[in-house]
Structures are given as structure tokens and as C-alpha cells.
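Visitor: Please take me through one part of this model in close detail. I would like to see how its helices pack and how its chains meet.

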There are 2 protein chains.
Amino acid sequence: MASRSTRDNTAKKSAADAATALWSPSASRVRDRERKREAVIQTAARAFRARGYHNTSLDDIAGILNVTKPTVYHYVENKEQLLFECFQTGLAQIMAGFEEVADSKATARERLSLVITRYAEAITSDFGWCMVQAENQDLSPAMSRKVKLLKSEIDQGLRKLIRDGARDGSLRKCDDKMTAFAIAGALNWIAHWYREDEPLSATQIATRYLELFDLGLQPR
Amino acid sequence: MASRSTRDNTAKKSAADAATALWSPSASRVRDRERKREAVIQTAARAFRARGYHNTSLDDIAGILNVTKPTVYHYVENKEQLLFECFQTGLAQIMAGFEEVADSKATARERLSLVITRYAEAITSDFGWCMVQAENQDLSPAMSRKVKLLKSEIDQGLRKLIRDGARDGSLRKCDDKMTAFAIAGALNWIAHWYREDEPLSATQIATRYLELFDLGLQPR
């Protein structure tokens, strides 16, 4: 067994290595680029929500960020891709909810509850508007297909949890497609009325929605 | 008591009067105008849904109806008013649901169920898209106010039924605002996915949604 001081030294050394790697010029540049890219996407999400997609130009977004338009083009190819990135960032939060419960031994009811909470949190985030409105913005056929594919993944994930619940007895038997549509629809609609000055937090909204769906899906 | 033949003659006379009035040139013109106006609104609702509001011109609508653009202007002032008429026609179907139960002695739960069914029927009608999308079409401030006012009436109607249910014991106590938002959101979202070739009828969809909400609002 290694002595305490040896272990301490080893720990110190690997921490130092990690720090060196993290702050090396190239790692720093990568991190910096990623952080700037995220800032461009978040700024775009807020601008699209505030002014609408068609009323917002890449010039506007560059203006808000106080950079030039070529700088914005450094991170995204065009405005449509920017909208897609906003859409995808929001959806990734929901997908993270599905991943969180993927290996869980909890009942389908409990897993669905967690996914619904993450969904509500994503929809009330800066990306909520883009998640819900992306489809209505005259996207190119290729982009439209990508958006539909990602939305379909979420839909299929919800349906599976609803079917799992009928199987493990934690939820009542029901039309999984219509139930998934009703739940996702109610959650998506939050983007239409949610404002930053809303007195309820995302979690408080999620709790109230969840109560309705959870009771509505109780086994009889 | 009047003899049978007198009654028959009176009935015949008033029926004849009614018919005369109905088919008099002026009544016919009014009826005809109303019918043509409805055709313009329904055609517009379908065109807006199929192509989007901004991609549809009054020329397009005149073309579909095989009339001139001035003929369309005979029924509506401009395209924005036409969108509003479509919106209002859909909302009127929901309002009719509220009126249907206004004097009813049924429980709030039963009254809410009927309103939800009428709501689902309205959203799956030709006017569903306009009901849900009108707000997102860069309306003038005046038109935007009118749209918001009508939507608020529906929202307040739902909230009142939910509160009535807590009072008469037919529904559980809950956050009436969030519950109304969740129900209306789920129903509104139908307009995003519903297509005319959907295998489920409006009533079948309504039944499945209703089951979820009805059970979700059962008193404990």
C-alpha cells in the first residue's frame, strides 16, 4: 500500500497535469472557442424569442455580442444552422433526462416523472421558444428532416416510458401515442406563455403539470 | 279552441310567410352574402394552414375561389382581418361549448368534459391552425389585443370550471391557472400534429385526452 505522502504527491501531480493540460494554449483555445460558440447560440435563442426568427439577422446577433458578422460566421454557417443549434441545445436537455433514467431500476412512473420535469425545465429555458417554433420557420427540407427526426426521438422515448408503465403496473394502460402527444403538447405550450417574470419557477410549473399527468395515468 | 282546419291553415300561412321572407330577394341576398363570406373564411383557413399565413395572398384565396380580388375585399378589409375571422370562427366553437353548459345543473367535472370535447373538435377543424398560429403572425397591436382578449375569455372560462369543480367536489383542488394552461396547451398542440388523414376522429382524440385530464383531476 502506498504511503500517505506518496498518494498525496501522486494526487498533486495528476491534478497539476490536468491543470496544465486544461490551461495549455491549445486546450484554452478550444475551450474558449466552445464558450464563445455557446454565447452565440444563447444570444441567438434570446433574440429569436424576443423578435422572432425572421425579424432577427446575423447582424443583429453580432451587434448584441459586440462582434463582427464574420465572427458569428466563424461559429455557424448561416442563420438556419443557428436556429437548429438553439433547437438542439434545448432538446439535449430533454435527452439528458432520458439518459438519466436509462439504467434506472425505478418504475416507469418515476422515470416518466423525471423526464417530464427535465422537459419543463428545458421549455422554460432560453431555448424553449426555438424548440417549439423552429418547425414553423420555413426551414430547408434537409433541416426540416433533422428537426423532425430529433423530435421523433423524444416522442418515441415518451411513448416507450408510457408502455413500460403499463407493463410494470406503475401506470394505467392507455393509448401511448395520444398520451405522449397530450403530455408533450401541454409542455411545449409552456413556451407560448412563459415569460422571465413568471412568478412560478420551472420546477414549480413542472410539479403542477406533473400532478395532473401522474394522477391521470394512475393504474385503476 | 280553434278547429283543426283553422290551426292547419294558420300553420300553413305562417310557414308560407316564413318561406316568403326567407326567399324574398333581400333575405336571399343577405343569406347568400353570409354564405359567401363563410366560404371566403373557410378557404382562407385552409390556405393559411397549408401554405402559412405570410405565404398566402388575397390573390391566392381569390384564385382558389375562382373570383376576383375585389370580390374578396367585399367580405373582408384585408388579410389580417381574414386571419382574425378564421381565428374567431374556431374560437366561437369553443365558446359554444361554454354556452351549452352555462345553465346546466351538471357537475363542474361533466361541464368541463363537454367543453374539452368541443375544444378538441374546434382544434381539429379547418380553423385549428389559425386559432393556434394567429398570435405568431406579426399582427398589428390592435389585432393582437383582440386576439389576446378572446383567448383570455376561453382561459378564464376553463379556470372557472376548474374552481367550480373544487367547490362542488367533482374535481380535486388544484392550481386553476396552471391546470387550465396544461389542458389548453395539450389541446392547442393538436393543431401542430393533426392532419386530415389522421386515423383517429376528433371525438376519438378528445376521448383519449379527456381520460387523462379527467382522471388527473379526480378528487382524492
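Guide: What follows is a walk along the helix packing, from inside one chain to the contact between two.

The model is predicted. Two numbers frame each helix pair: packed helices are described by the angle between their axes and the distance between the axes.

Start with helix H6 of chain A, residues 108–123. Helix H9 of chain A spans residues 176–193. The axes of H6(A) and H9(A) come within 8 Å and cross at roughly 25 degrees. Angles under 35 degrees count as roughly parallel, so H6(A) and H9(A) are roughly parallel to each other. Their crossing is right-handed. From H6(A), the contact uses Ile116(A), Tyr119(A), Ala120(A) and Ile123(A). H9(A) answers with Ile183(A), Ala184(A), Leu187(A), Asn188(A), Ile190(A) and Ala191(A). By class, that gives nine nonpolar residues, one polar and no charged.

H6(A) has another partner, helix H5 of chain A, residues 79–102. Here the axes lie 8 Å apart, and the packing angle is about 165 degrees. Over 145 degrees counts as roughly antiparallel, which means H5(A) is roughly antiparallel to H6(A). H5(A) also passes H6(A) in a right-handed crossing. On the H5(A) side sit Gly90(A), Gln93(A), Ile94(A), Gly97(A), Phe98(A), Glu100(A) and Val101(A). They meet Arg111(A), Leu114(A), Val115(A), Arg118(A), Tyr119(A), Glu121(A) and Ala122(A) of H6(A). This contact divides into seven nonpolar, three polar and four charged residues. Tyr119(A) takes part in the contact with H5(A) and in the contact with H9(A).

Now move to the interface between the chains. In it, 32 residues of chain A are in contact with 32 residues of chain B. The area buried between chain A and chain B is about 2,700 Å². Carbon and sulfur atoms give 64% of that area. Met178(A), Trp189(A) and Leu212(A) supply 26% of what chain A buries against chain B, more than any other three residues.

How do the copies relate? Chain A can be laid on chain B by a turn of 180 degrees and a shift of 0.0 Å along the axis, with an RMSD of 0.0 Å. The two copies are thus related as by a two-fold rotation axis. Of the interface residues of chain A, 100% are also interface residues in chain B, so the copies meet through the same surface.

One helix pair in this interface is H10(A) with H10(B), residues 202–216 in each chain. Their axes come within 7 Å and cross at roughly 105 degrees. That makes H10(A) roughly perpendicular to H10(B). Leu212(A), Phe213(A), Leu215(A) and Gly216(A) meet Leu212(B), Phe213(B), Leu215(B) and Gly216(B). By class, the H10 contact holds six nonpolar residues, two polar and no charged.

Conventions: Residues numbered from 1 in each chain as written. Chains lettered and ligands numbered in written order. Predicted model: local features only at pLDDT ≥ 70, side-chain atom pairs only at ≥ 80, totals over all residues. Heavy atoms only, no water. Axes fitted to C-alpha atoms, helices over the stretch in contact; angles between N-to-C directions. Helix = DSSP H or I, 4+ residues; strand = E, 2+ residues; numbered from the N terminus. Parallel < 35°, antiparallel > 145°, perpendicular 65-115°, else oblique. Left-handed = near helix turned anticlockwise from the far one by under 90°. Contact = heavy atoms within 4.5 Å. Nonpolar A, V, L, I, M, F, W, Y, C, P; charged D, E, K, R; others polar. Least-squares fit on C-alpha atoms with pLDDT ≥ 70 in both. Buried area = accessible area lost by both parts, 1.4 Å probe.
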